[in-house]
Amino acid sequence: MTRTRMWGAAIAVLAAAVFPGRLSPAPTAGSLSITLKAGSVAIVQSKAGTSALLDGFSPTNGPGLPAVPFREYRILLPPGTEFDRLEQVSAPARSVTYAAPWVCAPAILKGKKEFAHRFDPALAQPASALAVVGGGAAGLYRYVAVRFTPVRVTAAKNLATITDSVSLRVFYRPAAQGAGWGSPSRWPTKEEAAEQFYNAGSILPLYRVDLSELFGVFQLLWRDYVIVTTDEIYGESQQIIEEFKAYKESQGYAVLIATETLCGGYPGPTDSHRL
């Protein structure tokens with residue numbers, strides 16, 4: 001046994017002695033009830049056209065897409081679970097008439113004059129104010145990312161639908177063993193997690209020391225051969241890669257296959273950051 005492995009085993013045993021009786025209960029399926037509020041939406045008229053402003057929200061960005069406000073929320077899941085599905089319970093909405101055209105982003109700058117993109121009616125607006133746009137794990141904390149778009153534009157009738165608030169249920173299920181590990185060098189503290197997750201106040205206290213999770217952490221120390229590739233290459237060459245992994249294991253190596261998702265799926269702006 002290498003020195004690194006000996007230290008890993010020693011720390012795991014020490015954790016068991018220091019945190020007796022604080023093991024998390026076995027995860028079960030369930031759901032969370034969440035309400036997102038948009039606040040006061042301002043419909044603004046200017047020479048460029050009509051736009052909507054909302055504190056704390058960012059405008060969508062893309063040629064032909066209306067510059068409507070949106071915000072992404074990270075919903076923290078109970079320990080040991082993963083995202084299953086999302087259901088919208090209610091979304092009180094109202095319609096307002098706007099003066100065409102609707103401003104789109106990004107604006108084109110020609111010389112000293114700014115020309116805004118025009119809304120392309122052929123580009124369908126989202127039917128729902130809610131959309132699941134991602135998820136994963138930040139250390140031991142698993143979450144789902146939800147996008148809330150309170151303003152949606154209908155070009156044909158010059159109407160904007162404004163959703164003042166939306167109630168939703170986030171369903172979760174027990175996670176596969178070892179799934180969703182984030183990079184151990186970048187795990188957020190509980191203070192950081194409280195800022196990252198929308199519902200941290202109610203779910204964060206459930207994250208207690210779990211001996212099985214501690215052993216899962218130390219599995220990263222028990223690898224001495226890592227095959228680094230991408231999800232795409234792994235999908236196309238899975239049999240070859242798995243055969244190579246088996247071959248190296250037959251030589252006595254502890255092998256880990258690392259891709260954007262197979263090695264924890266830590267969130268980031270690019271695949272290289274996630275890996």
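Why does Pro92 count as partly exposed? The model open in the viewer is a predicted one. Select Pro92 to begin: its relative accessibility is 44%, and therefore this residue counts as partly exposed. Pro92 sits in the loop that runs between β6 (81-90) and β7 (93-97).

Next, display the surroundings of Pro92. Beyond the neighbours within four places in sequence, Pro92 is in contact with Ile162, Thr163, Asp164 and Ser165. Then add Ser167: the C-alpha atoms of Pro92 and Ser167 lie 9.2 Å apart in space, with their positions 75 residues apart in sequence.

From the loop, move back to β6. Select β6 together with β14 (residues 165-174); these strands pair in the antiparallel sense over 8 bridges. Within this pairing, look for Glu82, which stands opposite Arg173 in β14.

Now bring in the third strand. An open, antiparallel sheet of 3 strands appears in the order β1-β14-β6. At its edges are β1 (30-37) and β6, each pairing on one side only. On average, and with direction ignored, neighbouring strands of this sheet are turned by 25° against each other.

On β1, select Leu36. Leaving out neighbours within four places in sequence, its contacts include Tyr73, Phe148 and Val166.

Leu36 leads to the largest nonpolar core, which has 37 residues; Leu32, Leu36, Ile75, Trp102, Phe148 and Val151 touch the most other members. Among the elements that supply at least two residues each are β1, β5 (69-76), β14 and α3 (200-203). The greatest contribution is that of β11, with 6 residues.

Finally, select Tyr234, Ile241, Val255 and Ile257, which are among the 5 residues of another core, lying apart from the largest one.

Conventions
Residues numbered from 1 in each chain as written. Predicted model: local features only at pLDDT ≥ 70, side-chain atom pairs only at ≥ 80, totals over all residues. Heavy atoms only, no water. Helix = DSSP H or I, 4+ residues; strand = E, 2+ residues; numbered from the N terminus. Buried < 20%, exposed > 50% of the residue type's maximum accessible area, 1.4 Å probe, protein only. Contact = heavy atoms within 4.5 Å. Pairing = 2+ DSSP bridges. Axes fitted to C-alpha atoms, helices over the stretch in contact; angles between N-to-C directions. Core = buried A, V, L, I, M, F, W, Y, C linked by side-chain atoms within 4.5 Å.
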